[in-house]
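Colleague: Please take me closely through one part of this model, beginning with its aromatic side chains and going on to whatever sits on the helices that carry them. State the burial of the residues as you go.

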Amino acid sequence: MILRQTVTPLITIAIIFFLWFGPIRIGYIENIVITIIILIANYIEYKGKPFSALGFQREKFTFKNILVLAPLLALGLFALYVFVLVPGITKLTGVPIDYSSFDQLEGNLAACLIALLLVWATAGFGEEIIFRGYFMRQFVKFFGESKVSLVLNIVLLASFFGFMHSYQGITGQIVSGTVGAILALIFYLRKYDLWFVIFVHGFFDTFALICIYYGLA
């Protein structure tokens, strides 16, 4: 069992990094494929219980949590992003966030609706399953939940989360990393409730897409 819980995640993480940084590029479905790989790996590691190990807690999947608290928290986080993080970090770096990859979405309702589906699948579900559900939980499994371990867990994964948003420039990386750290802290404070952070992330990105559509970004 110890061997399975050590070798399986190491192989899984190696496959994830190969898909992210290897010669094979699969575009928008990359995180979806990685999510499937993680579910298979967790099925092997946890003897047929791939979801609970990631933090999918059925008892916390409630109307209040998912459709009231999560969107309200997402709105607060988005306000922090718009009015504090972006202007503050832009002033610090002297470089605005590069939103050019979203230019084609401005005023384009059809493209925004497609983007919304992709964002929920690849970012809301995909990124949260990968970064919080898998990476963060594996870190806890190997290094425990001491205060030092928790800080390292959040800082290291938030830094990497920011790096994965390098297409937004240095300011975008720092801002995304900070948002990732906040999501990780929420995940921890909610006792690893993955459903909750998935919906917070999904609603956060939904608010962002609305702003992009109306040219407010």
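Modeller: A residue is called buried when its relative accessible area is under 20%, exposed when it is over 50%, and partly exposed in between. The model is predicted, and what follows should be read with that in mind.

I start with the rings. Across the whole structure, a search turns up 34 aromatic pairs. One of them joins Trp20 and Phe131, whose rings are stacked, with 5.7 Å from centre to centre and 25° between the planes. Trp20 belongs to helix H1 (residues 2-21) and Phe131 to helix H4, so this pair ties together parts that lie 111 residues apart in sequence. Trp20 has a relative accessibility of 5% and therefore counts as buried. Phe131 has 3%, so Phe131 is buried as well. A contrasting pair is made by Tyr213 and Tyr214, which meet edge-to-face at 4.9 Å centre to centre, with 85° between the planes. Tyr213 is partly exposed at 24% relative accessibility, while Tyr214 counts as exposed at 59%.

Trp20 and Phe131 also belong to a cluster linked by ring pairs. The other members are Phe17, Phe21, Tyr134, Phe135, Phe160, Phe161 and Phe163.

Next come the charges on helix H4. The count of salt bridges comes to four. One of them joins Glu128 and Arg132, with the closest N and O atoms 2.6 Å apart. These two residues are four apart in helix H4, so about one helical turn separates them. As general background, an α-helix has 3.6 residues a turn, so residues three or four places apart point the same way. Glu128 is buried, at 0% relative accessibility, and Arg132 is buried too, at 2%.

A second salt bridge brings together the side chains of Glu45 and Lys141, at 2.3 Å from N to O. It links distant parts of the chain, since Glu45 sits in helix H2 and Lys141 in helix H4, 96 residues apart. Glu45 is buried, at 1% relative accessibility, whereas Lys141 is partly exposed at 29%.

Helices H2 and H4 also share a feature on the surface. Tyr28, Ile29, Ile32, Ile36, Ile40, Tyr43, Ile44, Ile114 and Leu118 make a nonpolar surface patch of about 900 Å². Helix H2 (30-45) and helix H4 (109-143) each supply at least two of its residues, and the largest share, five residues, comes from H2. Ile36 is found in helix H2 and counts as partly exposed, at 46% relative accessibility.

Last, helix H7. Helix H7 (residues 194-213) has 20 residues, and its first and last C-alpha atoms are 28 Å apart, close to the 28 Å expected at 1.5 Å a residue. Of those 20 residues 16 are buried, so H7 is largely enclosed by the rest of the structure. Asp193 caps the N-terminal end of H7, with a side-chain oxygen 3.4 Å from the backbone nitrogen of Trp195. The side chain of Asp193 also forms a salt bridge with that of Arg190, at 3.0 Å from N to O. Asp193 is buried, with a relative accessible area of 0%, while Arg190 is partly exposed at 23%. Just after H7, Gly215 takes a positive phi of about 75°.

Key
Residues are numbered from 1 along each chain as its sequence is written. This is a predicted model: local features need pLDDT of at least 70, side-chain atom pairs count only at pLDDT 80 or more; totals for chains, interfaces and linings use all residues. Side-chain values use heavy atoms; hydrogens and water are left out. The expected span of a helix is 1.5 Å times one less than its number of residues. Buried means under 20% relative accessible area, exposed over 50%, partly exposed in between (1.4 Å probe, protein chains only). A polar contact is a pair of N or O atoms within 3.5 Å; within protein, one must be able to donate a hydrogen and the other to accept it, and residues adjacent in sequence count only if both atoms are side-chain atoms. Patches are made of residues with over 30% relative accessible area and no salt bridge: like charges are joined within 9 Å, nonpolar side chains (Val, Leu, Ile, Met, Phe, Trp, Tyr) within 5 Å. Accessible areas come from the Shrake-Rupley method with a 1.4 Å probe; for residues, only the protein chains shown count as cover. Rings of Phe, Tyr and Trp (its six-membered ring) pair if their centres lie within 6.5 Å; planes under 30 degrees apart count as stacked, over 60 as edge-to-face and the rest as tilted.
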